[in-house]
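Biologist: I would like a close look at a single part of this model, with its side-chain partners followed outward into the rest of the fold. Please take one aromatic residue as the starting point and build the account from there.

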Amino acid sequence: MARTTGNHAKRRRCVARIKFWRRSRVASDVTLGILKYKDPSKPLRRNLTFTIIKSFVRRLKREDYKYSGTFQEAIKPVLIIAQVFALMPVRGVSSKFAEDLSFAWSSIRTYYALVTILCFGISSGYVVAYATSVTFNFDSVETLVFYLSIFLISLCFLQLARKWPVLAQEWQLVEAKLPPLKLIKERKSLAQHIKVITSVATTCSLVEHILSMMSMGYYVSSCPKWPDWPIDSFLYLNFSSVFYYVDYTRFLGIIGKVVNVLSTFAWNFNDIFVMAVSVALASRFRLLNDYMLREARMPTTANFWMQCRINFRSLCKLCELVDDAISAITLLCFSNNLYFICGKILKSMQTKPSISHTLYFWFSLAYLLGRTLILSLYSSSINDESKRPLSIFRLVPREYWCDELKRFSEEVHMDNVALTGMKFFRLTRGVVISVAGTIVTYELILLQFNRDEKVPGCNEG
């Protein structure tokens, strides 16, 4: 009870500080405007009226106030799409301000997420039973790994949703202390970058799913379960491991297809979310680095470097908090990608029974490889940006070098700022080489045990 009270008190203090910061910025803007347009020969009331009119005209320019450059504003579309597919049941995600976020068990979003998690759990149970007691081969194990990982992913995002409001408020507090984004291009850069990532990844996953259904259509047309009912044959085949134990009905078939679509999105969203968070964290380190770079060759003081060091420490602490919240999701990302890449490369030498199978297989493999590579590069960019101040410090003239700057340099050199997979590994640029080496190693081992020369046809497997 004491811990709960403490958490509520901490949250109230965070909200109060954020609101004070927002009021302070508004007040300072008005004050600066009065001072800027103040004319000794004109009364203060006229100056104030002129300032208000200028402010109103500026707000008419939509681009000038549409983007504020905050993380909450940038991640908003990602969270809205996630909630459509029963992930991240947080209230207030359409707001630009973190203090409007909240989590409640008694919410339609949460009920929707819980029902979906229950469906994932039931599906996983049937798949486990089918793989262990009916057909135990590489394909059945692949399906088993897919549904179990989706069940774990949905649980991780539910747990993250409980922490997200406080985490987002802490993020907003750290952003408020960083150098301001003055240009419109700078303010909308992060939001547009995340939108591009989300759009491309979602489109590719949609194309992959359509190709998957087309390849399944080969079996529906060549060897249907019910020749006169192609839709029912498709729905049955889509969830055949479950309908081995449960009598098929069209309603259950539709439910099974919905669960399949939700699970496919969750599997792809896992990577999208980690990429978006990585891009946002790296952009905040980059903002501070660019600010220091502009000032490095100019006369600087110890106070300047002390403030930069404080901001850098705040970003490091924020990265640690984010990692504690999403490290399980990160681990599932890389372990899933590694497993399915190995599995698909192993199947690359098999003869496919149709053109639709060939198209689906090679698109899926290319998308998976590209997604994993981009995820690794985006995740490692956090560590790259955290080490970049070392090259900036070399630009500072000797006469402006001080003890505070030396202390800052030592901290940057000693710190190893990066996201992790539950502390098992750190996402640095070297992880790309490590993943590639692991894939090659396991592939050589799996090839020795692979005896399937073609994908099972209609009456095979």
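Modeller: Let me start with a charge and a ring: Arg 371 lies over the face of Trp 267, at 4.6 Å from the ring centre. The charged end of Arg 371 also sits over the ring of Tyr 367, 5.1 Å from its centre. Before going further I should say that this is a predicted model, and that the distances and areas in what follows are computed from it.

The setting is a protein with 15 helices and zero strands. Of its 461 residues, 44% are buried, and the accessible surface comes to about 24500 Å², with carbon and sulfur atoms accounting for 63% of that area. Among contacts with a separation of 6 or more, 77% are between residues 24 or more positions apart.

Trp 267 has an aromatic partner as well, and this belongs to the wider set of 33 aromatic pairs that the structure holds. Its ring and that of Phe 340 have centres 5.3 Å apart and planes at 70°, and since an angle over 60 degrees counts as edge-to-face, the pair falls in that class. Trp 267 belongs to helix α10, which covers residues 250-296, while Phe 340 belongs to helix α11, which covers residues 302-347, so the pair ties together parts that are 73 residues apart in sequence. Trp 267 and Phe 340 are both buried.

A further example from the aromatic pairs can be set beside this one: Tyr 218 and Tyr 219 have ring centres 5.1 Å apart and planes at 75°, so that pair is edge-to-face too. Tyr 218 counts as partly exposed, because its relative accessibility is 22%.

Aromatic residues also gather in a cluster, formed by Phe 71, Phe 85, Phe 157, Trp 164, Trp 171, Phe 265, Phe 269 and Phe 273. One of its members, Trp 164, leads into the nonpolar interior: in the largest nonpolar core, which has 100 residues, Trp 164 and Trp 305 touch the most other members. Helix α10 gives the most to this core, with 20 residues. In soluble globular proteins, nonpolar side chains tend to be buried together. Once neighbours within four places in sequence are left aside, the contacts of Trp 164 are with Phe 71, Gln 72, Ile 75, Leu 79, Met 88, Val 90, Leu 101 and Phe 273.

Helix α10 holds polar and charged residues of interest as well. Ser 278 lies in this helix and is buried, with a relative accessible area of 0%. Apart from neighbours within four places in sequence, Ser 278 is in contact with Tyr 378, Ser 379, Ser 381, Ile 382 and Leu 419.

Turning to charge pairs, a search of the whole structure finds 16 salt bridges. In one of them the side chains of Arg 286 and Glu 385 meet, with N and O 3.2 Å apart. Arg 286 lies in helix α10 and Glu 385 in helix α12, residues 355-387, so this pair ties together parts that are 99 residues apart in sequence. Arg 286 is partly exposed, at 32% relative accessibility, whereas Glu 385 is buried, at 11%.

Helix α11, already met through Phe 340, carries further charged residues. Arg 309 forms a salt bridge with Glu 411, and their closest N and O atoms are 3.3 Å apart. Arg 309 lies in helix α11 and Glu 411 in helix α14, residues 403-414, so the bridge ties together parts that are 102 residues apart in sequence. Arg 309 counts as buried at 10% relative accessibility, and Glu 411 counts as buried at 18%.

A salt bridge also joins the side chains of Asp 415 and Arg 313, at 2.3 Å from N to O. Asp 415 lies in the loop between α14 and α15, while Arg 313 lies in helix α11, so the pair ties together parts that are 102 residues apart in sequence. Asp 415 is partly exposed, with a relative accessible area of 21%, and Arg 313 is partly exposed at 31%. Both bridges belong to a network of salt bridges that links Arg 309, Arg 313, Glu 404, Arg 407, Glu 411 and Asp 415.

Conventions:
Residues numbered from 1 in each chain as written. Predicted model: local features only at pLDDT ≥ 70, side-chain atom pairs only at ≥ 80, totals over all residues. Heavy atoms only, no water. Phe/Tyr/Trp six-rings, centres within 6.5 Å; stacked < 30°, edge-to-face > 60°. Buried < 20%, exposed > 50% of the residue type's maximum accessible area, 1.4 Å probe, protein only. Helix = DSSP H or I, 4+ residues; strand = E, 2+ residues; numbered from the N terminus. Lys NZ or Arg CZ within 6 Å of the ring centre and 35° of its normal. Core = buried A, V, L, I, M, F, W, Y, C linked by side-chain atoms within 4.5 Å. Contact = heavy atoms within 4.5 Å. Salt bridge = Lys/Arg side-chain N within 4 Å of Asp/Glu carboxyl O. Areas by Shrake-Rupley, 256 points an atom, 1.4 Å probe, with all protein chains shown as cover.
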